[in-house]
Amino acid sequence: MTGPEAKKILAVVTGDMRLVGGGAPIFLGRDEGECEQIAASLSRVLDSMAHSLENGTYIIVSQ
Amino acid sequence: MDDYLGMIIAGTVSGILARLVLLKVDYRQYPGYPHGTVAHISLGFIASALGSVAVPAILKPDFTAVTFLALAAQQFREIRGMERKTLENLEKYELVKRGSDYIEGIARTFEARNYLVMATSMSVSVAYYFGKLPAAAVMTVLFLAFSLTLKAGETIGDICEVLPAGISFQGSQLKVDEIVIMNVGLREMRDKILKEALAVRIRPKGANARSVINDVGQRMAIAHTAATILGIKKDIDTPELTPLLRKNLDTGELGMCILPVIKDMEALMLAVKRTPVLESARSKPLSTEAGRIAALKNDRT
């Protein structure tokens with residue numbers, strides 16, 4: 001959306017627990033492929049968007 | 001008495017004609033539905049009847065009767081509220097949102113059109129009083145022409161150049177030429193966008209145009225128009241495929257990326273060009289001295 005609506009991180013998907021922390025649910029993938037697959041499933045289920053932080057971590061952000 | 005009747009009939013008929021001329025039902029103009037059309041023609045009838053009755057009321061003379069025009073104005077403001085509310089309710093389920101600027105623009109247009117109808121019928125009934133039917137006919141034609149010029153309005157194509165642009169990814173950043181649009185995390189979606197998306201670049205012709213397309217509401221209106229005309233490959237669970245417009249921070253040019261059902265660059269460019277310039281987005285920095293100086297110094301008029 002183009003509007004300035006407040007966005008929220010709904011979930012975090014990572015392959016390395018040392019990179020992440022905080023309030024949102026964290027999903028751990030065994031490898032890059034699994035992380036991407038989890039991110040894709042979550043984004044479908046939550047009708048939201050998967051963004052890559054380009055260090056193997058994905059965040060699912062509400063629209 | 002016959003005179004009054006003639007005035008009222010002439011005024012009402014011309015008012016309804018004006019409403020019909022203004023009631024352009026097309027892809028973007030709500031209402032696009034038979035019932036909406038009926039509602040608006042009926043309101044136009046009421047507006048024109050009120051307008052044409054005002055003059056006989058003054059002639060009679062019954063000056064206080066004119067105060068009902070104020071009542072009518074109140075009524076039409078309510079129509080604007082109603083129109084806005086309906087569109088806002090529908091907005092929740094739009095895949096590509098109109099944006100509140102567009103909604104406000106449509107609502108305001110409907111209110112204003114009723115005033116225009118009232119003005120038409122009032123003037124025509126005055127004309128009938130002085131010159132009978134010929135004068136009324138001339139006045140009707142004049143007002144219809146005036147309404148048509150008001151309806152035309154400016155479009156994006158008038159104030160901007162629309163050019164084809166390239167799509168690329170830098171890591172997961174989607175870019176249209178050099179303009180970063182958004183971060184697309186999933187490879188599958190990146191491939192889909194690379195394969196199926198179209199991109200355009202909107203280059204403003206001057207500082208006034210730049211300030212128009214700077215407006216976020218205006219950008220949403222462009223995306224909505226393009227998506228409505230070409231169709232859109234997006235569903236509720238794929239927000240990645242929402243058409244987005246982002247600007248080049250330095251030049252004020254816009255980049256837009258969209259996944260249309262019909263992949264046709266020419267059609268997309270036409271769709272973008274025919275998006276109306278919203279009243280709320282319109283601003284004219286060049287008509288102030290400060291704006292002109294800034295534009296001249298930066299060589300961007």
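**Helix packing and exposure in a predicted two-chain model**

Modeller: In this predicted model, the axes of helix α2 (residues 34-59) of chain B and α3(B) come within 10 Å and cross at roughly 160 degrees.

Biologist: What makes α2(B) roughly antiparallel to α3(B)?

Modeller: Angles over 145 degrees count as roughly antiparallel, and the angle here is roughly 160 degrees, so α2(B) is roughly antiparallel to α3(B). The hand of this crossing is left-handed. On the α2(B) side the contact is made by B:L43, B:A47, B:L50 and B:A54, and on the α3(B) side by B:F68, B:L69, B:A72 and B:I79.

Biologist: How many nonpolar, polar and charged residues has the contact of α2(B) with α3(B)?

Modeller: By class, there are eight nonpolar residues, with no polar and no charged ones.

Biologist: How do you know that α3(B) and α4(B) are roughly antiparallel to each other?

Modeller: Helix α4 (residues 100-152) of chain B packs against α3(B) at about 155 degrees, with the axes 8 Å apart; the cut-off for roughly antiparallel is over 145 degrees, and the pair is therefore placed in that class. The crossing of α3(B) and α4(B) is right-handed. Residues making the contact include B:F76, B:R80 and B:E83 of α3(B), together with B:I103, B:A107 and B:R108 of α4(B), and by class the contact has ten nonpolar, one polar and nine charged residues.

Biologist: Why is B:K85 called exposed?

Modeller: A residue counts as exposed if 12 or fewer other C-beta atoms lie within 10 Å of its own, and B:K85 has 12, so the exposed class applies. B:K85 is found in α3(B), which covers residues 68-91. B:K85 and B:A107 are 22 residues apart in sequence, and their C-alpha atoms are 9.1 Å apart in space.

Biologist: What makes B:D177 partly exposed?

Modeller: Partly exposed is the class between 12 or fewer neighbours, which is exposed, and 20 or more, which is buried; B:D177 has 15 C-beta neighbours inside 10 Å, and therefore belongs to the class in between. B:D177 is found in the loop between β3 (173-176) and β4 (179-183) of chain B, and its phi is near 50 degrees, a positive value in a residue other than glycine.

Biologist: Why does A:E54 count as exposed?

Modeller: A:E54 has 12 C-beta neighbours inside 10 Å, and since the exposed class takes 12 or fewer, A:E54 counts as exposed. The phi of A:E54 is near 60 degrees, again a positive value in a residue other than glycine, and A:E54 is found in the loop between β3 (49-52) and β4 (58-61) of chain A. Most residues other than glycine have a negative phi.

Biologist: How do you know that chain A is as compact as a globular protein of that length?

Modeller: From the N terminus on, the elements of chain A run β-β-α-β-β. The radius of gyration of chain A is 11 Å, close to the 11 Å that the globule rule gives for 63 residues, and so chain A is as compact as a globular protein of that length.

Biologist: Which element gives the most to the side of chain B that touches chain A?

Modeller: Between the chains, 20 residues of chain B are in contact with 16 residues of chain A. On the side of chain B that touches chain A, α8(B) gives the most, with four residues, and the residues of that side divide into eight nonpolar, six polar and six charged.

Technical notes: Residues are numbered from 1 along each chain as its sequence is written. Chains are lettered from A and ligands numbered from 1 in the order in which they are written. This is a predicted model: local features need pLDDT of at least 70, side-chain atom pairs count only at pLDDT 80 or more; totals for chains, interfaces and linings use all residues. The radius of gyration is taken over C-alpha atoms; the globule rule is 2.2 Å times the number of residues to the power 0.38. Axes are lines fitted to C-alpha atoms, for helices over the stretch in contact, and angles run from 0 to 180 degrees between N-to-C directions. Angles under 35 degrees count as roughly parallel, over 145 as roughly antiparallel, 65 to 115 as roughly perpendicular and the rest as oblique. A crossing is left-handed if the near helix is turned anticlockwise from the far one by less than a right angle, and right-handed if clockwise. Two residues are in contact if their C-beta atoms, placed from the backbone, lie within 7 Å. Ala, Val, Leu, Ile, Met, Phe, Trp, Tyr, Cys and Pro count as nonpolar, Asp, Glu, Lys and Arg as charged, and the others, Gly among them, as polar.
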